[in-house]
Amino acid sequence: MSNKQSTFKSYVDLKSNVSKAAEDVFEKTLEPKLLAGEIQIAKAHNVLKFNSFGDLKHGMSGALFCTNFKISFVTAERSSYDLMGIGQKNILLGENDIPLTCVDAVYQASYSKKQRKLLSPGGGNLSGAIKMIEIHCKDFRVYTFSFKFSPRGEDKNVVNAILHHAFPSKLQLLFAFVFNPKEHVNSSNSPNHPSIRLSSESMPKVPAFRDAGDWDNELKRVNASGFRVTMANQDFKISDSLPEYFVVPSCLTDSDINNAAPHFIDGRVPTWCWSHNNGSSLYRMVPLRADTEFVDRERSKRSDSTSMLKAIKDVHPKKEKSFMIHIEKYCPSVGSIQSSFKKLQELCMPESMKEFWGSDDKWYTSLDITKWLHCVRRCLSTATEAVDCIVSKGKSVILKESEGRDLSCVISSLVQLILDPYLRTRVGFESLIQREWVVMGHEFLTRCQHVSLPEGEESPVFLLFLDCVWQLVNQFPLSFSFTDTYLITLWDCSHHGLFETFIFNSERQRYRSILQEVKEPAKLVSVWDWSLQFKEEDIALFNNPMYYTEHPQHQNCVGCRNEDLKELQLKLSPVEESTNVNDEKLPYRKLSQASQISAEQRLSNSCNSDTNLAQSLNATGPAVKFWIQCYLRWIPSVHVVNGGPPTEFQQQCMLVDEIHYLRRKVHSLRTSTPLAKRSGQESSFYFTYDSSPRLSENFTSAFPFSPSSLSNHMTSYVADKSALSAVAGMFIRSPSMSSYDGLHSSGSMSSSNNDDLDEES
């Protein structure tokens, strides 16, 4: 027998089972849906998209496109934008769309998976015919495309386009500077444009903190006295990374700030973040500059630094000396965060399911080696120490970091979340990110690597923060108005390269980039306008049905006034997970069982005041959990069918919604007024007590990012029963994470039609 060669064969013609009508669609009108300003750059027909982490035997046929915004795989049998069933649907992105800025790496692969070559940006090392590519995404997705049946030349064209546009050389090349939502609304009647809506004026507006009024309102909200909004940085004359408006003690004049700024790194003088009702406050600052030429200048430098710290002390009601936390001593460095993240990527993005299950017996060890949870724990511990100083010791806290734009954002935000109930609402949380991250100069462009940069500058600091927030939500699930779906969606949005919220390093860069447009300033969109991406029913996925608080500002929030929920929540226990999956082989089940919190503990942790959060927060090793919903959502064989937190979320939504309905009914009977019929999406919850038609027979623990249902035809795909049950096997043999139904369409490749692609011997 001759040596094995890595080639494919198809037992039947690619489109032998495609109807004439479907074939006409495939050949003539198979096009991606484009946004306003989006243009098609390259395309390849007859492309096969294989199952994620699969065996290269099952997939779907379609066309692969590269635009100036995304990579789009479009199938002939249905539109990616008009899916049936439940799950999060993005108006701007289809299920098989990859924003170019989300691409982490592109590999030229082989069918045997023994050879894989990393392709460089620009395609400089691209050679020969391209049979297959793997696209690794920053959100841990992996896409595998085969050009075996594509017309000659189309493979190179589309791959070259991807390599060129996925790694732009400068900021202005991002699609955000081209996209105009108003223009898109006007042109959305076209069949090639997905329909989007602009937010209504009645929706809560997130303050941008780009004028003095927003800062004044924040000072009033927390009842902070002795502070003022300074305009010393107008036109960014003292600092490139600070906003034009920020808050300082009232005793400091603009002249004081101007004199002190040159002695601090990048001119970042100490700035106010937040104040507690006991008079203690939270500040951020950077070290003094090390470079000096004259002794007199050194003396002046120390004098200005002392005057700034004295002002912070004087504004305290008891004139207490502030407690300074040196971030670098307590928190992981930006480099170590990136190193841990890369190891986490390797763990959660296996080359195959065989490799994934082969590492099952040492999975916990591998997770520990990444040090990711160690980074999370250190941040939570540092925040806890700062909270203790503010609440128990009554001292102001100064967070000192070398550049003041990375881990100080994390710690400052965590401290405020723990102590301020308003910031645990969705609008409050968004205003916190806007204030502490966006305008205060976190380097989103660099850390998210939206453009090609020298290696070592990127780092997922924002993801680390979201993971820390999830730890709080996990420990205090009744104290936050938003869900982990909301947090994961935020991380995804940071990779879209579409929203001005996440594409700049500073406010100065934002202003300069907008004004660089010669014809007219660029019109950028904010991520906080959620109606741009999701319909109301999908935005309801962000609402926590069990949210409860007595804070006076939130009496009209969802669940705030449900006194009867106290007794109800004590009786709630986690929904039993499906027993169809082998418990011993699934990291998901092992981790979820280890992280269960009793209903009584959850209630005691969550229903009291903000001080209870500070007292009950557990930042020790065993209490810090692995965020399965985020990191393992693209590995189908790990998912639990009809189980996990999403099932609990479903039952809570339906139960609370029914309580609301019954209260309305009781009120109707007492007042002898007819009960109005519910119309449309009147409920604030994704699942409603009368929403049985929307529910699927099966949905998974990766909801809403995975498909909601399993087709009955998939029972023919059975995996190795020694490792998994038949149900888990169906997941292994399924199509991509969000397109199970496509396996049985006319344009798919499946073993039921003898369309397997095997290696020739």
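This briefing describes one sheet and the helices α8, α10 and α11 of a predicted model. The sheet is open and has four strands in the order β12-β13-β15-β14, with mixed pairing. Helix α11 packs on this sheet, while helix α8 packs with helix α10.

**Layout of the sheet**

- Strands of a sheet pair through backbone hydrogen bonds, and the pairing is either parallel or antiparallel.
- In this sheet, whose strand order is β12-β13-β15-β14, the pairing is mixed.
- The edge strands, each paired on one side only, are β12 (271-275) and β14 (323-326).
- On average, neighbouring strands of the sheet are turned by 25° against each other, with direction ignored.

**Pairing between strands**

- Strands β12 and β13 (residues 281-285) run antiparallel and are joined by four bridges.
- Within β13, R284 is the bridge partner of T271.
- Strands β13 and β15 run parallel, and four bridges join them.
- L282 stands opposite V397, a residue of β15.
- Strands β14 and β15 also run parallel, with four bridges between them.
- F323 stands opposite V397 in β15.

**The strand β15 and its surroundings**

- Strand β15 is covered on both faces.
- V397 and L399 lie on one side of β15, I398 and K400 lie on the other, and all of these residues are buried.

**Helix α11 on the sheet**

- Helix α11 (residues 372-391) touches the strands β13, β14 and β15 (397-400).
- The direction of α11 makes about 175° with that of β14.

**Helix α8**

- Helix α8 (residues 334-348) consists of 15 residues.
- From its first C-alpha to its last, α8 reaches 21 Å, which is close to the 21 Å expected at 1.5 Å a residue.
- The buried residues of α8 are V334, I337, Q338, S340, F341, L344, Q345, L347 and C348.

**Packing of α8 with α10**

- Two packed helices are described by the angle between their axes and by the distance between those axes.
- For α8 and α10 (residues 363-370), the angle is about 155° and the axes are 8 Å apart.
- Angles over 145 degrees count as roughly antiparallel, and α8 and α10 are therefore roughly antiparallel to each other.
- From α8, the residues S340, K343, L344 and L347 meet W363, S366, L367, I369 and T370 of α10.
- The residues of this contact between α8 and α10 divide into five nonpolar, three polar and one charged.
- Among the α8 residues that meet α10 are S340, L344 and L347, which are also buried residues of α8.

Note on methods:
Residues are numbered from 1 along each chain as its sequence is written. This is a predicted model: local features need pLDDT of at least 70, side-chain atom pairs count only at pLDDT 80 or more; totals for chains, interfaces and linings use all residues. Side-chain values use heavy atoms; hydrogens and water are left out. Two strands pair if DSSP finds at least two bridges between them. Helices (H or I, at least four residues) and strands (E, at least two) are DSSP runs, numbered from the N terminus. Axes are lines fitted to C-alpha atoms, for helices over the stretch in contact, and angles run from 0 to 180 degrees between N-to-C directions. Contact means heavy atoms within 4.5 Å. The expected span of a helix is 1.5 Å times one less than its number of residues. Buried means under 20% relative accessible area, exposed over 50%, partly exposed in between (1.4 Å probe, protein chains only). Angles under 35 degrees count as roughly parallel, over 145 as roughly antiparallel, 65 to 115 as roughly perpendicular and the rest as oblique. Ala, Val, Leu, Ile, Met, Phe, Trp, Tyr, Cys and Pro count as nonpolar, Asp, Glu, Lys and Arg as charged, and the others, Gly among them, as polar.
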